[in-house]
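Colleague: I am new to this structure. Please take me closely through the part where the ligands sit, and then through what lies around it.

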Amino acid sequence: MGTHHNSPNIHLPKHALLEHKLTRLRDKETPPAVFRKLVHEITQILLIDATRDLPTHPESRHTPLAAFSGATLSQQIGIVPILRAGLGMCESAQALLPLARVLHVGFARNEETLEPCFYYDNLPIPPNIDIAIVVDPMVATGGSAIATLSRLKETGIREIRFVGLVGAPEGVDALHSAHTDVPIWLAAIDTHLNECGYIVPGLGDAGDRIMDT
Ligand code: PRP
Ligand code: URA
């Protein structure tokens with residue numbers, strides 16, 4: 001087992017709906033259309049928690065009856081899906097954060113070495129966002145997430161949060177050790193990685209199940 005799971009920067013929200021939906025997500029009988037819908041719903045539950053303390057500033061407005069003092073989010077938020085599987089979480093993140101920008105980073109794991117191989121990004125320098133919320137369903141070795149966060153930091157992005165669905169203990173530890181400043185949200189941390197680099201019990205290949213490839 002990993003060593004960082006009690007860190008205040010690793011969040012595993014407890015929620016009955018999360019447990020119910022994650023069970024259906026893992027089930028091999030769940031077809032792609034339902035799988036995608038579950039990914040959306042679980043992402044929203046996690047994002048509600050992951051955005052709980054975003055900074056706001058006061059804003060004065062009027063209801064039809066009276067003036068009131070409300071609040072507005074202060075930061076330009078960026079949603080950063082790691083291609084491809086992160087795309088499955090992107091639309092639901094946009095639905096919740098309609099003013100967020102979406103920036104893409106592409107890494108594909110080499111199936112033999114398990115090393116993340118970079119193939120695309122569209123990150124502007126200097127950055128056009130104040131905070132990046134990186135989304136990718138799986139943290140297996142942690143390599144893809146670690147490399148993505150490093151790339152975001154290289155472009156000058158200072159504040160980053162990571163939201164995934166399922167992690168392996170060794171990958172979550174590696175991610176947390178490499179980027180201790182980045183808070184991590186997951187629906188579950190599973191038991192281990194198998195010899196092929198798959199999370200067990202996990203949910204299989206997230207990209208393939210989302211895209212039906
Ligand atoms: C999967 C997943 C993560 C990565 C996790 O993507 O979506 O990005 O593997 O593994 P790691 O923690 O060991 O890096 P994959 O590279 O299979 O690409 P895909 O999303 O296009 O299927
Ligand atoms: N990527 C996935 O999609 N699933 C795993 O179990 C590991 C990496």
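Modeller: This is a predicted model. Start with ligand 2. The residues around it are R109, M138, A140, G197, Y198, I199, G204, D205 and A206. By class, that shell holds five nonpolar, two polar and two charged residues.

Now look at the backbone in this shell. A backbone N or O atom of I199 lies 2.8 Å from an oxygen atom of ligand 2. A206 also brings a backbone N or O atom to 2.8 Å from an oxygen atom of ligand 2. With G204 the partner is a nitrogen atom of ligand 2, and a backbone N or O atom of G204 lies 2.8 Å from it. On its own, ligand 2 has 240 Å² of accessible area, and the protein covers 89% of that. The space that ligand 2 takes is the largest pocket.

Turn to ligand 1. Here 16 residues form the surroundings, and the closest are R84, R109, D136, T141 and S144. R109 is also among the residues around ligand 2. The shell of ligand 1 divides into seven nonpolar, five polar and four charged residues.

Take the polar contacts of ligand 1 one by one. The side chain of D136 has an N or O atom 2.4 Å from an oxygen atom of ligand 1. For S144, a side-chain N or O atom is 2.6 Å from an oxygen atom of ligand 1. A140 uses its backbone: a polar atom there is 2.8 Å from an oxygen atom of ligand 1. A140 is listed around ligand 2 as well. Of the 500 Å² of accessible area that ligand 1 has on its own, the protein covers 91%. The space taken by ligand 1 is the largest pocket, and the space taken by ligand 2 is described in those words too.

Which elements build the shell around ligand 1? Those that give two or more residues are β6 (105-109), β9 (138-139) and α4 (143-154). β6 gives the most, with three residues.

Stay with R84, one of the closest residues to ligand 1. R84 forms a salt bridge with D208, and their closest N and O atoms are 3.2 Å apart. R84 lies in the loop between β4 (77-83) and α3 (87-96), while D208 lies in helix α6 (residues 206-211), so the pair ties together parts that are 124 residues apart in sequence. Side chains of opposite charge can pair when their charged atoms come close. In total, the model has 10 salt bridges.

Next, the loops. One loop runs between β15 (199-200) and α6, and P201 has its place there. A cis peptide bond joins V200 and P201, with omega about 0°. There is also a cis peptide bond between I125 and P126, again with omega about 0°. P126 sits in the loop between β7 (116-121) and β8 (131-135).

One more backbone detail concerns the loop between β6 and β7, where L114 is found. Phi of L114 is near 65°, a positive value in a residue other than glycine. Most residues other than glycine have a negative phi, and most peptide bonds are trans.

To trace this on screen, begin at I199, G204 and A206, whose backbone atoms approach ligand 2. Then go to D136 and S144, whose side chains approach ligand 1. Finish at R84 and follow its salt bridge to D208.

Definitions and conventions: Residues are numbered from 1 along each chain as its sequence is written. Chains are lettered from A and ligands numbered from 1 in the order in which they are written. This is a predicted model: local features need pLDDT of at least 70, side-chain atom pairs count only at pLDDT 80 or more; totals for chains, interfaces and linings use all residues. Side-chain values use heavy atoms; hydrogens and water are left out. A residue is near a molecule or strand if one of its heavy atoms lies within 4 Å of it. A polar contact is a pair of N or O atoms within 3.5 Å; within protein, one must be able to donate a hydrogen and the other to accept it, and residues adjacent in sequence count only if both atoms are side-chain atoms. Accessible areas come from the Shrake-Rupley method with a 1.4 Å probe; for residues, only the protein chains shown count as cover. On a 1 Å grid over the protein atoms alone, a cavity is a set of points where a 1.4 Å probe fits but cannot get out, and a pocket is an open set with protein on both sides within 12 Å along at least five of seven lines; lining residues have an atom within 4 Å of a point. A molecule sits in a cavity or pocket if more than half of its atoms lie within 2 Å of its grid points. Ala, Val, Leu, Ile, Met, Phe, Trp, Tyr, Cys and Pro count as nonpolar, Asp, Glu, Lys and Arg as charged, and the others, Gly among them, as polar. Helices (H or I, at least four residues) and strands (E, at least two) are DSSP runs, numbered from the N terminus. A salt bridge is a side-chain nitrogen of Lys or Arg within 4 Å of a carboxyl oxygen of Asp or Glu.
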